[in-house]
Every structure is written in structure tokens, then in C-alpha cells.
Amino acid sequence: MMALGDNIRKLREERGMTQQQMADKLYVSRQTVCRWENGSRCPDLITAKKIATEFGVSLDALISDDDLEDLERISGAGKFTRYKRKLKLQAYQRKILEFIQILGGVYLSISLILRVRFDMRMPAWSVILGVCVVVGAFALNHRIVKRMEKL
């Protein structure tokens, strides 16, 4: 609880705000801000989120025991970069899985048409090619999953 109060005080002072100015922005009393800062009370979750938004930090950074400057330096850019990279990998993964589904559907459709309509079997080369493409797609998907686990 003290880390939260210390962090609120530090952020408020860094921005040159008085307790009254902060209280006015959050629609609370100056005494409430004082109680948050001295650790006798904690803001509710919604108010804590408003405080974090007002000061441009994450909620985790606001309640953390760590030094805020270190946390902003580490988590600000680093977490965002990792998050963007993970989203990009997930998009690739979706595309690969969609490709496998489409390929499987086309392959099944062609094989059924050849078998039922023309009483033919799929040529061996097409089966081998289809298997190679699907195995390659699954290998790529596995590699993406491993990369996401490292993030």
C-alpha cells in the first residue's frame, strides 16, 4: 500500500501538481489524495485507473514497488514491442492455419470429384506435393508457436 502512495506522490510532484489540483481533476477531496499518499487509504480500482491514465503510466506501474522510472523504461517500450511482435506472429499463425484449411478443402474436393465423377485416383505426385506443403505449413506454425512462447 505504501508503494502506491509513494508512487502517486512522486508522479504528482513530478508534474508540479498540488494535492488540491489532483483532487479537482479526479473529483475527490484534497484529504482523500493526502490519505492515498500517506498510505492510510487506497483509491478504488476505477480511480486508480484514472490516476494512471492522468499520469500516463500503466496501472501496474502505479501500484508497483519498483522505481517508476525504471519500470517505465523497461516496461513502456519493451512490453509494447513484445506485444506488437506477438500480435504479428499470431496474425501469421492465423494465415497459416487458414491456408492449411483451404488447401485441405481444395484437395478433398478435387479428390472426391476425380473419384466420384471420373472414377480416377489422385496422381501420386499430387499426394506427395500436398503432404509436403501441409508438413511445411505445420512446421512453420510450430516455429511461430515456439517464438511466441519466448515472448
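Helices (H or I, at least four residues) and strands (E, at least two) are DSSP runs, numbered from the N terminus. This is a predicted model, in which local features need pLDDT of at least 70, side-chain atom pairs count only at pLDDT 80 or more, and totals for chains, interfaces and linings use all residues. Residues are numbered from 1 along each chain as its sequence is written, and side-chain values use heavy atoms, with hydrogens and water left out.

**View 1. The whole protein chain contains 7 helices and 0 strands.** Followed from the N terminus, the elements read α-α-α-α-α-α-α. Of the 151 residues in the protein chain, 27% are buried; buried means under 20% relative accessible area, exposed over 50%, and partly exposed in between (1.4 Å probe, protein chains only). About 10,700 Å² of the protein chain is exposed, and carbon and sulfur atoms supply 59% of that area. Accessible areas come from the Shrake-Rupley method with a 1.4 Å probe, and for residues only the protein chains shown count as cover. Contacts here mean heavy atoms within 4.5 Å. Among those in the protein chain between residues at least 6 apart in sequence, 62% join residues at least 24 apart.

**View 2. Helix α3 spans residues 30-38 and has V33, W36 and E37 as its buried residues.** Looking down the axis of α3, you will find these buried residues within an arc of 95 degrees, so they line one face of the helix. The arc is that of the directions from the helix axis to the C-beta atoms. Just past α3 comes G39, with a positive phi of about 85 degrees.

**View 3. Helix α4 (residues 45-55) buries T47, A48, I51, A52 and F55.** The arc they cover around the axis is only 140 degrees, which puts them on the same side of α4. Turn to the other side of α4 and you meet L45, I46 and T53, which are exposed. At the N-terminal end, D44 caps α4, with a side-chain oxygen 3.1 Å from the backbone nitrogen of I46. This is a polar contact, meaning a pair of N or O atoms within 3.5 Å; within protein, one must be able to donate a hydrogen and the other to accept it, and residues adjacent in sequence count only if both atoms are side-chain atoms. Just after α4, G56 has a positive phi of about 70 degrees.

**View 4. A closer look at F55, a residue of helix α4.** F55 counts as buried because its relative accessibility is 5%. Beyond its neighbours within four places in sequence, F55 is in contact with I8, L11, R12, R15, M17 and M22. Between F55 and L11 there are 6.8 Å in space, C-alpha to C-alpha, although the two are 44 residues apart in sequence.

**View 5. N141 sits in helix α7.** With a relative accessible area of 11%, N141 is buried. Setting aside neighbours within four places in sequence, N141 is in contact with Q93, I96 and L97.

**View 6. Y107, V127, V131 and V135 make a nonpolar surface patch of about 310 Å².** Patches are made of residues with over 30% relative accessible area and no salt bridge, where like charges are joined within 9 Å and nonpolar side chains (Val, Leu, Ile, Met, Phe, Trp, Tyr) within 5 Å. A salt bridge is a side-chain nitrogen of Lys or Arg within 4 Å of a carboxyl oxygen of Asp or Glu. Helix α7 (residues 124-150) gives the largest share of the nonpolar patch, 3 residues. Y107 belongs to helix α6 (residues 68-117) and is partly exposed, with a relative accessible area of 31%.
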